[in-house]
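Welcome! Here is a short briefing to read alongside the structure. Take a moment to look it over, then follow the points below.

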Amino acid sequence: MADMQIIDDLVADGRLGEAVDKLTRMIGAAPGDASLLFKRGKILWRMGKHSAAMGDYAHAAELDPSSPAVQALEQARDIADFFNPDLYNP
């Protein structure tokens, strides 16, 4: 898919916001495509927008239970649930 190559090129160039915008438009045209949601989630996570990324992972996992988004969501939840008070209170 030519659009996915454009997304990959934008990410490679560090133009993550543009990649997210393009993926958002693509998701609007194909709201049932779990792979697009997973891809956008990965980019959002990389941008530090963890809550939004987890939302995309959850939606992708709901649409396709065999999606890699299932594992990504589990890992993201593990990271979010991790708390070590010793790291914050030396």
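Let us begin with aspartate 9, whose place is in helix H1. This is a predicted model, and the points below go from that residue to the whole chain, then to the core and a pair of rings.

**A starting point: aspartate 9**

- Aspartate 9 has a relative accessible area of 38%, so it counts as partly exposed, the class between the 20% limit for buried and the 50% limit for exposed.
- Alanine 19 comes 10 residues away from aspartate 9 along the chain, and the C-alpha atoms of the two are separated by 8.7 Å.

**The chain as a whole**

- The protein chain has 6 helices and 0 strands, so if you read along the sequence you will meet the pattern α-α-α-α-α-α.
- Measuring along the principal axes is a handy way to picture the fold: the C-alpha trace spans about 50 × 30 × 15 Å.
- There are 90 residues in the protein chain, and 33% of them count as buried.
- About 5800 Å² of the protein chain is exposed, with carbon and sulfur atoms supplying 53% of that area.
- Among contacts with a separation of 6 or more, 35% come from residues 24 or more positions apart.
- On the charge side, you will find 9 positive and 14 negative side chains, and the centres of these two sets lie 6 Å apart.

**The nonpolar core**

- In soluble globular proteins, nonpolar side chains tend to be buried together.
- Here the largest nonpolar core has 23 residues, and the members that touch the most others are Ile7, Ile43 and Tyr57.
- Two or more residues of this core come from each of helix H1 (2-12), helix H2 (16-29), helix H3 (34-46), helix H4 (50-63) and helix H5 (69-81).

**A closer look at isoleucine 7**

- Isoleucine 7 is found in helix H1, the helix that also holds aspartate 9.
- Is isoleucine 7 buried or exposed? Its relative accessibility is 0%, so isoleucine 7 counts as buried.
- Which residues does isoleucine 7 touch, not counting those up to four places away in sequence? They are Ala19, Lys22, Leu23, Met26, Lys39 and Ile43.
- Isoleucine 7 and alanine 76 are 69 residues apart in sequence, and their C-alpha atoms are 23 Å apart in space.

**Lysine 22, a partner of isoleucine 7**

- Lysine 22 lies in helix H2 and is in contact with Asp3, Ile6 and Ile7, leaving aside its neighbours within four places in sequence.
- Although lysine is counted among the positive side chains, lysine 22 is buried, because its relative accessible area is 18% and the limit for buried is under 20%.

**The aromatic pair**

- A pair of aromatic rings is described by the distance of the centres and the angle of the planes.
- How many aromatic pairs does the structure hold? The number is 1.
- The partners are phenylalanine 38 and tyrosine 57, which form a tilted pair with 5.9 Å from centre to centre and 45° between the planes.
- Phenylalanine 38 lies in helix H3 and tyrosine 57 in helix H4, so the pair ties together parts that are 19 residues apart in sequence.
- Both rings belong to buried residues: the relative accessible area is 17% for phenylalanine 38 and 6% for tyrosine 57.
- Tyrosine 57 has already appeared above, as one of the core residues that touch the most other members.

How values were computed: Residues are numbered from 1 along each chain as its sequence is written. This is a predicted model: local features need pLDDT of at least 70, side-chain atom pairs count only at pLDDT 80 or more; totals for chains, interfaces and linings use all residues. Side-chain values use heavy atoms; hydrogens and water are left out. Helices (H or I, at least four residues) and strands (E, at least two) are DSSP runs, numbered from the N terminus. Buried means under 20% relative accessible area, exposed over 50%, partly exposed in between (1.4 Å probe, protein chains only). Contact means heavy atoms within 4.5 Å. Accessible areas come from the Shrake-Rupley method with a 1.4 Å probe; for residues, only the protein chains shown count as cover. The place of a charge is taken as NZ of Lys, CZ of Arg, CG of Asp or CD of Glu. A nonpolar core is a set of buried Ala, Val, Leu, Ile, Met, Phe, Trp, Tyr and Cys residues joined through side-chain atoms within 4.5 Å. Rings of Phe, Tyr and Trp (its six-membered ring) pair if their centres lie within 6.5 Å; planes under 30 degrees apart count as stacked, over 60 as edge-to-face and the rest as tilted.
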